[in-house]
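Thank you all for coming. Please look at the sequence and the structure for a moment, and then I will walk you through a strand, the core and the surroundings of the ligand.

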Amino acid sequence: MIGRSSTAKGKTEKLKLEILKKVRQYYGLAHKPAKFIPHKTRIQYSGRVFGPEEMEALADSALDFWLTLGPYGDLFEKKMRKFFRSRDFVAVNSGSTANLTAVMSLMSRQLDNPLRAGDEVITPAVTFPTTVAPLVHGGLIPVFVDCEIGTYNINPHLIEAALSPKTRAIIIPHTLGNPCDMDIIGDIAKRRGLYLVEDSCDALGGTFQDKLVGTFGELATLSFFPAHHITMGEGGGVVVNAGRFSRIVRSVRDWGRDCWCATGKSNTCGKRFGWQLGDLPMGYDHKYIYSNLGYNFKPTDMQAAVGNAQVERIPDFVAARRKNFKRLYKGLEAYCDRLVLPTLDSRSNPSWFGFPITVKEGLSRRELVAWLENANIETRLVFGGNILKQPGYQGIAARVPGPLEQTDRIMNSSFFIGVYPGLTEEMLDYVLKTFKGFFAEKADRVHA
Ligand SMILES: Cc1ncc(COP(=O)(O)O)c(C=O)c1O
């Protein structure tokens with residue numbers, strides 16, 4: 001192939017700089033934050049927050065036209081590895097595929113002791129559907145444990161009694177960014193020899209006993225959908241804390257292949273035609289040898305370019321989420337006779353995804369949510385509620401070792417509002433004023 005001449009290269013570089021400058025100008029005009037107008041401006045529960053850097057990176061990647069995961073992907077994975085100080089970090093195209101990759105990795109034949117169909121996995125009954133779907137697809141049996149009002153996490157004190165000789169793993173989300181009790185859960189996993197996977201999709205940057213969420217188990221998963229702490233548009237990642245999983249996770253993400261060459265590369269192993277694996281003939285092309293049941297879950301390099309710029313913002317984003325949470329907590333404390341506010345554990349420093357609220361008896365969640373939504377304040381329920389009551393999950397092979405009372409209460413009485421960095425002080429004041437209005441109206445009705 002004939003390379004570009006140095007004059008052509010100089011010209012394209014100059015043009016690129018001009019384009020990127022224009023992109024920056026465009027950002028300033030097109031994406032300036034709009035003025036907040038109470039009642040009119042939608043107070044989102046979450047959303048993407050980005051600057052000119054993300055748009056420039058995206059344009060740069062588009063001009064390179066690499067398309068598949070490439071240089072920006074490498075940079076992004078490297079930065080995330082550094083952030084977690086993990087053995088590896090593998091970018092994927094969603095939090096859901098991160099969970100599927102993690103579960104398929106635990107089932108890999110390349111492990112000495114993989115999970116097998118019929119094995120049990122401890123997980124909470126209040127959950128996100130795609131934390132559970134990979135278990136069902138793998139023929140594993142989810143064991144649904146009750147959750148706690150306040151933390152909205154698995155009740156750690158119920159786990160031990162839920163174990164059976166078939167239990168092989170614990171897969172737990174840190175709901176809405178509030179870290180699970182990793183002291184108890186980590187101890188059970190260690191003592192009983194269980195694999196531990198943290199679904200950290202909602203919790204990037206949070207800590208428990210000063211240790212980052214996502215670094216406790218063999219694997220952890222993240223989502224970079226716009227509602228999450230950082231975004232790539234669609235995207236996710238698997239944090240690998242146990243070195244033996246690094247190649248397995250990459251293999252599952254990359255079609256299940258045995259070969260670990262980067263895109264466009266060949267013979268990284270130095271013996272592309274020198275392998276004999278499975279019942280394949282000696283010398284079968286390593287590029288087409290599949291050691292795992294895998295898929296193609298790679299994001300594009302353009303997604304990685306955006307993620308790469310977002311990583312720089314993690315400390316500010318986490319700080320903003322904490323600050324917004326605190327402001328709401330302080331403002332809502334006045335109603336703690338009617339609302340259950342989030343439970344704070346002195347050992348943890350959450351990186352909140354949202355602000356969860358449970359209405360106490362005598363108060364209608366429906367009325368409060370309608371009041372907020374009418375005021376243009378977005379609300380969400382706590383994901384799937386009791387997952388076993390979801391139409392797609394009724395009748396799945398599962399074990400339920402005890403009553404799911406708190407789970408059902410969360411399904412019936414809890415919801416959350418936003419704390420994301422796009423919320424300003426005046427927006428949060430408006431949210432608090434709207435709560436005040438609700439309770440004033442209720443008092444009027446009682447006294448009328
Ligand atoms: C706890 C949890 N796990 C997994 C996911 C799935 O992530 P994604 O939407 O990127 O597939 C979500 C999404 O919100 C989530 O909250």
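Before anything else, let me say what I mean by buried: a residue is buried if 20 or more other C-beta atoms lie within 10 Å of its own C-beta atom, which is placed from the backbone. Please also keep in mind that this is a predicted model.

Let us begin with strand β2, residues 120–124, where 5 of the 5 residues are buried, so the strand is largely enclosed by the rest of the structure. In a regular strand the side chains alternate between the two faces of the sheet. In β2, E120, I122 and P124 point one way while V121 and T123 point the other way, and all are buried.

What are the neighbours of this strand? β2 runs parallel to β3, residues 141–145, and 5 bridges join the two, with F144 of β3 as the bridge partner of T123. Together with α5, these strands make a right-handed β-α-β unit. β2 is also joined by 3 bridges to β4, residues 167–173, again in parallel, and here the bridge partner of V121 is A169.

That residue, A169, takes us to the largest nonpolar core, which has 111 residues, and in which A169, I170 and V238 have the most contacts. The largest share of this core, 6 residues, comes from helix α4, residues 95–106. Among the residues that I170 touches are I122 and I185.

Finally, we come to the ligand, which has 14 residues around it, with S94, G95, S96, C201 and S223 coming nearest. Helix α4 gives the largest share of this shell, 3 residues, and the shell divides into 4 nonpolar, 8 polar and 2 charged residues.

Key
Residues numbered from 1 in each chain as written. Predicted model: local features only at pLDDT ≥ 70, side-chain atom pairs only at ≥ 80, totals over all residues. Core = buried A, V, L, I, M, F, W, Y, C linked by C-beta atoms within 7 Å. Buried ≥ 20, exposed ≤ 12 C-beta atoms within 10 Å, placed from the backbone. Helix = DSSP H or I, 4+ residues; strand = E, 2+ residues; numbered from the N terminus. Contact = placed C-beta atoms within 7 Å. Near = placed C-beta within 6 Å. Nonpolar A, V, L, I, M, F, W, Y, C, P; charged D, E, K, R; others polar. Pairing = 2+ DSSP bridges. Right-handed = clockwise from strand over helix to strand, strands pointing away. Lists of a residue's contacts leave out its neighbours within four places in sequence.
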